[in-house]
Amino acid sequence: MSNQNWNIETKCIQAGYTPKNGEPRMIPIIQSTTFKYDSSAEMGKLFDLEASGYFYTRLQNPTNDHVAAKIAALEGGTAAMLTSSGQAASFFSIFNICSAGDHVVSSSTIYGGTFNLFHVTMKKMGIDFTFVDPGCSDEELEAAFRPNTKAVFGETIANPALVVLDIERFAKAAHAHGVPLIIDNTFATPINCRPFEWGADIVIHSTTKYMDGHDCGVGGCIVDSGKFDWMAHADKFPGLCTPDESYHGITYAERFGKEGAYITKATAQLMRDLGSIPAPMNAFLLNLGLESLHVRMPRHCENALKVARFLEGHEKVAWINYPGLESSPYYDLAQKYMPNGTCGVIAFGVKGGRAAAETFMSHLKLAMIATHVADAHTCVLHPASSTHRQLTDEELVAAGVSPDLVRLSVGIENGDDIVADVAQALESI
Ligand SMILES: *Cc1c(COP(=O)(O)O)cnc(C)c1O
């Protein structure tokens, strides 16, 4: 594994894979569903989790594992698992410790897809969510917990509202109730924020965004800090703290400890049963993105700040939120958790509301209209008519998405070119 003392830039390049003498310099793409053994006895040990090794790619694949190990190193965690999408990562991160009859406290300003997953699909599975405004009072946060609460969930920087979560405050509340804090760190990336340093226990990513960074592959990742003491709250987490009959009576928290129990269970049980692995080829592409992540993120932030400053003073702009602007209500939180920059995404409204927003967007030449965000290419989206279409007006407000909100994802092109494009499109209104 990687040298823990390396700076994050070095980890982006070197962590997760160390070739031995004569082995490939680059992480090899092991495009194989299965692995060969000399005897059934040897393979049996793998099935019993008595020996570690590969037998079937639905559970584990070496290419995927190298890339997961790199992301674990970047976040400062002890173990990680890749998933086929960010949605799968969100689902598994909760389902690994919750079942029917359980309850989760979640920030209300989360990605629209995550909100649907929690509020509609997981509700059908019998898991209830209480959504709280991330700016709520301590009393309101406290009141959201129930005896059957098993986790707290939030996003470092919410997509698309760009609300910055007070991670430390939410971690304290979660820990006071003996449950872990799960943070979606997609927008900040570990380059700008490492939630484990502020008390988070589990981090998830949609790697589809900055980590991949080039519109190549949909993917996700779950990372464990290895700090949450499941056994100290054994009554709440029977899946980790009592024998798994579907896995030869293994008790994950006993056998794999704090550092390994959560990800081992997610692999051995959820991946085995639900199977949401990325193709090894996609993991290879994700690794290419990770290698340049520390070079790209500062440029995204620099360009976004330039565009945000231009929009802030513009007569056709009704409002703007970019956590890197002093005028943002989240500036102080952003300075605390992300002193080197937040992300490349800006939320703003143009005067004239929805219709003016559409005119503006259709006149952009460099920025493309795309259901995407957080990658090298500048792109733009109107969430209320796309990603957040399923939400009622009330839910939109709770998610921090006003009907006129335009989400501009600033890429790593020349910053002046992006400003010029935005400027000419604003003139068209
Ligand atoms: C896109 C996104 C997701 C969902 O990820 P997919 O890879 O699209 O499944 C989850 N959380 C955040 C913050 C996102 O931006």
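A polar contact is taken here as a pair of N or O atoms within 3.5 Å. With that in hand, the ligand site of this predicted model is a good place to start. In the side chain of Thr208, an N or O atom lies 2.6 Å from an oxygen atom of the ligand, a distance that falls within the 3.5 Å cut-off. The ligand on its own has 380 Å² of accessible area, and the protein covers 92% of it.

Two further residues contribute side-chain contacts of this kind. Asn159 places an N or O atom of its side chain 2.8 Å from an oxygen atom of the ligand. For Ser206, a polar side-chain atom is likewise found 2.8 Å from a ligand oxygen atom. These residues belong to a wider shell: 15 residues surround the ligand, and the closest are Asn159, Asp184, Ser206, Thr208 and Lys209. By character, the shell comprises nine polar, three charged and three nonpolar residues. As for the space itself, the ligand occupies the second largest pocket.

Asn159 also deserves a look for its backbone. The peptide bond that leads from Asn159 to Pro160 is cis, with omega near 5 degrees. Pro160 itself is located in the loop that runs between strand E4 (149–155) and helix H7 (167–176). A second backbone feature appears at Thr189, a residue other than glycine whose phi is positive, near 60 degrees. Thr189 is part of helix H8, which spans residues 189–192.

Turning to the aromatic side chains, 14 aromatic pairs are found across the whole structure. One of them is formed by Phe115 and Phe131, whose rings are 4.8 Å apart from centre to centre. Their planes make an angle of 50 degrees, and the pair is accordingly classed as tilted. Phe115 sits in helix H5 (residues 112–124) and Phe131 in strand E3 (residues 128–132). With their positions 16 residues apart, the two link distant parts of the chain.

Note on methods:
Residues numbered from 1 in each chain as written. Predicted model: local features only at pLDDT ≥ 70, side-chain atom pairs only at ≥ 80, totals over all residues. Heavy atoms only, no water. Near = heavy atom within 4 Å. Polar contact = N/O pair within 3.5 Å; in protein donor to acceptor, adjacent residues only side chain to side chain. Areas by Shrake-Rupley, 256 points an atom, 1.4 Å probe, with all protein chains shown as cover. 1 Å grid on protein atoms, 1.4 Å probe; cavity = no way out; pocket = protein on both sides within 12 Å on 5 of 7 lines; lining within 4 Å. Sits in = over half its atoms within 2 Å of the grid points. Nonpolar A, V, L, I, M, F, W, Y, C, P; charged D, E, K, R; others polar. Phe/Tyr/Trp six-rings, centres within 6.5 Å; stacked < 30°, edge-to-face > 60°. Helix = DSSP H or I, 4+ residues; strand = E, 2+ residues; numbered from the N terminus.
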